[in-house]
Amino acid sequence: SKPDPDIVLAALKKAKAEPHEAVMIGDTPYDLSAANHAGVDAIAFTSGGWPRERLSTAIEIYEGPKDLYLNLESSV
């Protein structure tokens with residue numbers, strides 16, 4: 001259903017979380033759009049094959065999970 005935010009809103013409800021308490025990780029512009037429409041910040045992975053320009057609404061962009069982990073580990 002993406003870019004509709006319904007799946008993101010359902011996940012928030014199940015987690016009993018507010019949008020400002022969550023972050024979504026996605027690898028398509030549709031994922032980011034769904035997150036944005038639900039009021040949730042999003043982190044993008046380029047491993048889905050989309051160019052960085054199409055993922056520019058994300059708060060951060062990484063190559064994939066390993067890149068995110070390494071960046072988080074180096075900042076601690």
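**Figure 1. Pairing of β1 with β2 in the predicted model.** In this predicted model, β1 and β2 run parallel and are joined by four bridges. V23 has D41 of β2 as its bridge partner. I25 stands opposite I43 in β2, and G26 is partnered by A44 of β2. The side chains of β1 (23-26) alternate along the strand: M24 and G26 are buried and point to one face, whereas V23 and I25 point to the other face and are not buried.

**Figure 2. The sheet as a whole.** Three strands form an open sheet in the order β1-β2-β3, and their pairing is parallel. β1 and β3 are the edge strands, each of them pairing on one side only. From one strand to the next, the twist averages 25 degrees. Between β2 and β3, which run parallel, there are three bridges. At this junction A44 stands opposite I61 in β3. A44 is also the bridge partner of G26. Of the five residues of β2, four are buried, so this strand is largely enclosed by the rest of the structure.

**Figure 3. The crossover from β1 to β2.** From β1 the chain passes through α2 to β2, a β-α-β crossover that is right-handed. Helix α2 lies across β1 and β2, and the helix runs at about 170 degrees to β2. Just after α2 comes G39, with a positive phi of about 80 degrees.

**Figure 4. The buried side of α2.** Residues P29, D31, L32, S33, A34 and A35 of α2 are buried. The cover over the buried residues of α2 includes α1, β1 and β2. An α-helix has 3.6 residues a turn, so residues three or four places apart point the same way. In α2, the buried residues include L32 and A35.

**Figure 5. The largest nonpolar core.** In soluble globular proteins, nonpolar side chains tend to be buried together. The largest nonpolar core here has 13 residues, and those touching the most other members are V8, L32, V40 and A44. At least two core residues come from each of α1 (6-15), α2 (29-37) and β2 (41-45). The greatest contribution is that of α2, which gives three residues.

**Figure 6. Contacts of V8.** V8 is among the residues that touch the most other members of the largest nonpolar core. With neighbours within four places in sequence left aside, V8 is in contact with M24, A34, A35, A38 and V40. Of these contacts, A34 and A35 are buried residues of α2, and M24 is a buried residue of β1. V40, like V8, is one of the core residues that touch the most other members.

**Figure 7. The aromatic pair.** There is one aromatic pair in the structure. Y30 and W50 make up the pair, which is edge-to-face, with 5.8 Å from centre to centre and 85 degrees between the planes. Y30 belongs to helix α2 and W50 to the loop between β2 and β3 (60-62), so the pair ties together parts that lie 20 residues apart in sequence. Y30 has 41% relative accessibility and therefore counts as partly exposed. W50, at 24% relative accessibility, also counts as partly exposed; the cut-off for buried is under 20%.

**Figure 8. The loop between α1 and β1.** K16 lies in the loop between α1 and β1. Its phi is near 55 degrees, a positive value in a residue other than glycine. The relative accessibility of K16 is 77%, so K16 counts as exposed. E18 lies in the loop between α1 and β1 as well. E18 counts as partly exposed, because its relative accessibility is 45%. The C-alpha atoms of E18 and A38 are separated by 9.8 Å, although the two residues are 20 residues apart along the chain. A38 is also among the residues in contact with V8.

Notes
Residues are numbered from 1 along each chain as its sequence is written. This is a predicted model: local features need pLDDT of at least 70, side-chain atom pairs count only at pLDDT 80 or more; totals for chains, interfaces and linings use all residues. Side-chain values use heavy atoms; hydrogens and water are left out. A nonpolar core is a set of buried Ala, Val, Leu, Ile, Met, Phe, Trp, Tyr and Cys residues joined through side-chain atoms within 4.5 Å. Buried means under 20% relative accessible area, exposed over 50%, partly exposed in between (1.4 Å probe, protein chains only). Contact means heavy atoms within 4.5 Å. Rings of Phe, Tyr and Trp (its six-membered ring) pair if their centres lie within 6.5 Å; planes under 30 degrees apart count as stacked, over 60 as edge-to-face and the rest as tilted. Two strands pair if DSSP finds at least two bridges between them. Axes are lines fitted to C-alpha atoms, for helices over the stretch in contact, and angles run from 0 to 180 degrees between N-to-C directions. A crossover is right-handed if, with the strands pointing away from the viewer, the path from the first strand over the helix to the second runs clockwise.
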